[in-house]
Structure formats: C-alpha cells, structure tokens
Amino acid sequence: MKTVLVIDDEEGIRTLMAAWLSAAGWNVLEASDGEGGIDLALQHQPNAVVCDLLLPRCNGFQVCRSIRERGNTIQQPKIIVTTGSGYLTDQESAMEVGADEFLIKPFRADQLVKLLEKESVHPAAVAVAPLPPPKGLTRLSVDQTPRLKFWGVRGSIPTPGPATVQYGGNTSCVEVRADGEIIILDAGSGIRRLGLALAEEFKDQSLNLTLLITHTHWDHIQGFPFFVPAYDPRNKLRILGYEGAKEGLHSTLTYQMESPYFPVSLQHMPGNIHVTELKELDFSIGKVKVAASFVNHPGVCVGYRLFTSAGSIAYLPDNEPLQRMRSLPGGLQASDRNEALKYASEQDQKIIGFIQDADVLIIDAQYDDAEYQSHVGWGHGCVDDVVALALFARVKQLFLFHHDPDHDDAQISRMLLWARKLVALQGETLAVDAAREGLEYVLKP
C-alpha cells in the first residue's frame, strides 16, 4: 500500500482528503503545519505529499524546498501543492521549488486521486543558504498614548507630483507607537521620511525598533535601503516577517541591496540589524501582542493585528476578497462553481474573524467597483467589498489604503465619499477615511 502525507492546517479539509485517499487505497499520514509535515516526510518517506500553500510554521514553498534539498538522502515523493487562491505566479513559484502538481481548492476526490497516480519526474535538489538564527528583541520606552501615523499609503510604485500632494505618493509604511514600542509596518518608500523624522526627534539617543514586513513585493521593501536609523551603530532594528515563495526574508532584503543595484550592502549597514523569519502566527513585541493571518494575494502575504493597551490595529495592505474574485470572469474559478463560492465565502469569513471588533482597520482598497471588473485576480481589493468587510466585522475606524498609482487626489476623494455613502445607506456609524501621509490617529482607551 502506497503512503501519502497530507499537510493542511484546516482540520476539516485534512480529514476529508484523508477519507478520500483511504478509500482509494492509500495509507494516509497527516500534519497540521509545515514543520510537522517535513518531520513526517523525512521519517516515513511517503510516496506522495499533498501540501497546502499557506501553512503555519513553514509554508508550502518551504516544504517543497526542504524535501527536494534532500534528494540524495531520502526517497523523493510526488508533491501536490494546494491553494485556495490559484494565482499563476504562485503556481510557477511552486513548480520552481519542486512541486509536481498544483491544485486549486475546492477540488473533487477524483481530481486528487488522478494527480497522485500520474507519473512525475522529480526536479534536482535546490541549494538554499542557511539563515541566521533569531536574535533577542529590544524595546524602546515611549511614554505616550498608543497611536499610529501614515508615512506611505500608495500601492505598487511611488507617485510623487502635484496630483498626489493631498494623500501622498509614497508606498506602504505605517508607524505605530504603543506600550513602550515603536513598530513599523512595511518598508515602502515612506520609511525614508520616517527614518529622517526619528533621527531628528531622538537625535543622540539610541533607538530600538521593530519592522514588520507583510510580504516582500517591492513596494513594501523598496524604502529600506534609505532608512537612516539603520546606518547608526547605536540603534537596534529587528525585522520580522515570513519566508517568501523563492527566497528567505533575509535573502530578499540582501539581494535588493547588492551591487549593482545599491552601493551599500545589508551586511555593511552599521546599525544592529537582526532579521527573524517567523513561524508562529501569534507572537509578542514587548507588551504588544501581535496576530498574523494569511491573506489572498500572490505569494506569501500576511496581515497583522496589533493589540495595544488602548485597542487593536488591523493592517491588511494587500488583500483581494476571495468570494468576489471567484464570482467574476477571470476569477480563477474551480470546476464546481457552487463549491468554489462556498469555499471562498469561508475564507473571507476567516478574514472577518481576524479583524472582528478592531478599533482601526487599514486595508487595501485600490479599486473602485468599475475598475475592479478588469483587475480580477490581481490581488487587490475593491472599496465596496472593503466597506462590507468592515461592517460585518464591526470595525470602529476604517482607513482606505494602498491607493492605486494612477489615482489622483480627486479620484481618492471620490472613492472616500462613496465609501461613506455605503455606510450611511446601511444606517451604520463606521468612521471611514482615506489614509494620507502625515495623518496621525490616536487610539482612545
């Protein structure tokens, strides 16, 4: 009897697949996270592995790499990567790191069994440099009421100029000061001005900073080489994030600063910089508890929720609600439309649960409804859907974020007015604003 290892953090889906495969004559092993799956794969050397893409502790890309790297020491299984999104870039990345097949949820038993029985040629082992171990977190004592400030609000690419002076043209960067911590959300081009402001404010004092990276698309890391505090040897900066599709977080940050792209390498930045690749979805930064959730965007992308003494801040700068995406042409529909929409609704409900009762929600609202029709599957949200998510989750303050680079101030203002009208039509009291550079919001205990 052949053995298959099923790795999925959703118990219901894992149990269903196990039942299908047992009925088809397979001996089934199960794991609920990537690290446990790798351990079982090395111990039992199964004939096949069915692995979800977005897993806690170790994502599906890492599972593929880890197994393929041991090509000379263990029997190489067929690897099927499953996902609820189905972005083409995710499929290509999975194949590059060693997957044999790619299957979009939801799928039928016969589809899974057919792929398992299909002959495969396993790729050569992939060499990956070892990552540095995590270092201890340092904290800065900041005695003030928890607050946030926007330093970059744009998506994709910076758009300076007279048409964007009201809301700003820098890419994603938000500063949070809470409970003795300075926490920076993403390192788009806005982090440059934040760095200058911190250096001016604290002058000769040393800084202890934490930078949370949602994902390593360029508009979320491109400003880091220009972050002045990283060049001061008195400062300590811890960078936290999750490993990407092809490279680790440390490698990605390093590559963008290598010659000929930049004159100073990450290794030569004088500041005390420690890069930690997260495995758990719940952790703490000093007294601030942080939760992470995978969101619907190409590659490995998360949103963060920070729980401060004065309330919580949810930050989801890139997310495309899956139910709307699956319901429209071009939305990567599965063969069974009803099952696909049911699955998509369940995934969106997880996001609603993640942001439930948040005091502040900062979320991707890149398109209006008409624009979204031609951008289905691009990984970004529509303002109508964002308002609906916020209302369902009973959020108190909504900030529209990740403004499209082609939107001028007038267009963003029109989208803001429409969002407020949608709230009023529902008879709700949700406060809505469009994120703009320099705007500071103080949480009220």
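Which helix lies across strand 17 and strand 18? In this predicted model, that element is helix 12, made of residues 409-425. Strand 17 covers residues 397-401, and helix 12 runs at about 170° to strand 18.

Both strands belong to an open sheet of seven strands. Read across the sheet, the order is 12-13-14-15-16-17-18, and the pairing is mixed. Strand 12 (282-285) and strand 18 (431-434) are the edge strands, each pairing on one side only. From one strand to the next, the twist averages 20°.

Within the sheet, strand 15 (residues 311-316) and strand 16 (residues 360-364) run parallel and are joined by four bridges. Ile-313 has Val-360, in strand 16, as its bridge partner. Helix 9, residues 337-355, also packs on the sheet. Helix 9 touches strand 13 (288-294), strand 14 (302-308), strand 15 and strand 16. The direction of helix 9 makes about 170° with that of strand 13.

Now turn to a single residue, Asn-59. Asn-59 sits in the loop between strand 3 (48-52) and helix 3 (60-69). Is Asn-59 buried or exposed? Its relative accessibility is 3%, and buried means under 20%, so Asn-59 counts as buried. A polar atom of the Asn-59 side chain lies 3.0 Å from the backbone nitrogen of Phe-61. Asn-59 can also be placed relative to a residue far along the chain: Val-300 is 241 residues apart from Asn-59 in sequence, while the C-alpha atoms of the two are 8.0 Å apart in space.

Terms used: Residues numbered from 1 in each chain as written. Predicted model: local features only at pLDDT ≥ 70, side-chain atom pairs only at ≥ 80, totals over all residues. Heavy atoms only, no water. Pairing = 2+ DSSP bridges. Helix = DSSP H or I, 4+ residues; strand = E, 2+ residues; numbered from the N terminus. Axes fitted to C-alpha atoms, helices over the stretch in contact; angles between N-to-C directions. Contact = heavy atoms within 4.5 Å. Buried < 20%, exposed > 50% of the residue type's maximum accessible area, 1.4 Å probe, protein only. Polar contact = N/O pair within 3.5 Å; in protein donor to acceptor, adjacent residues only side chain to side chain.
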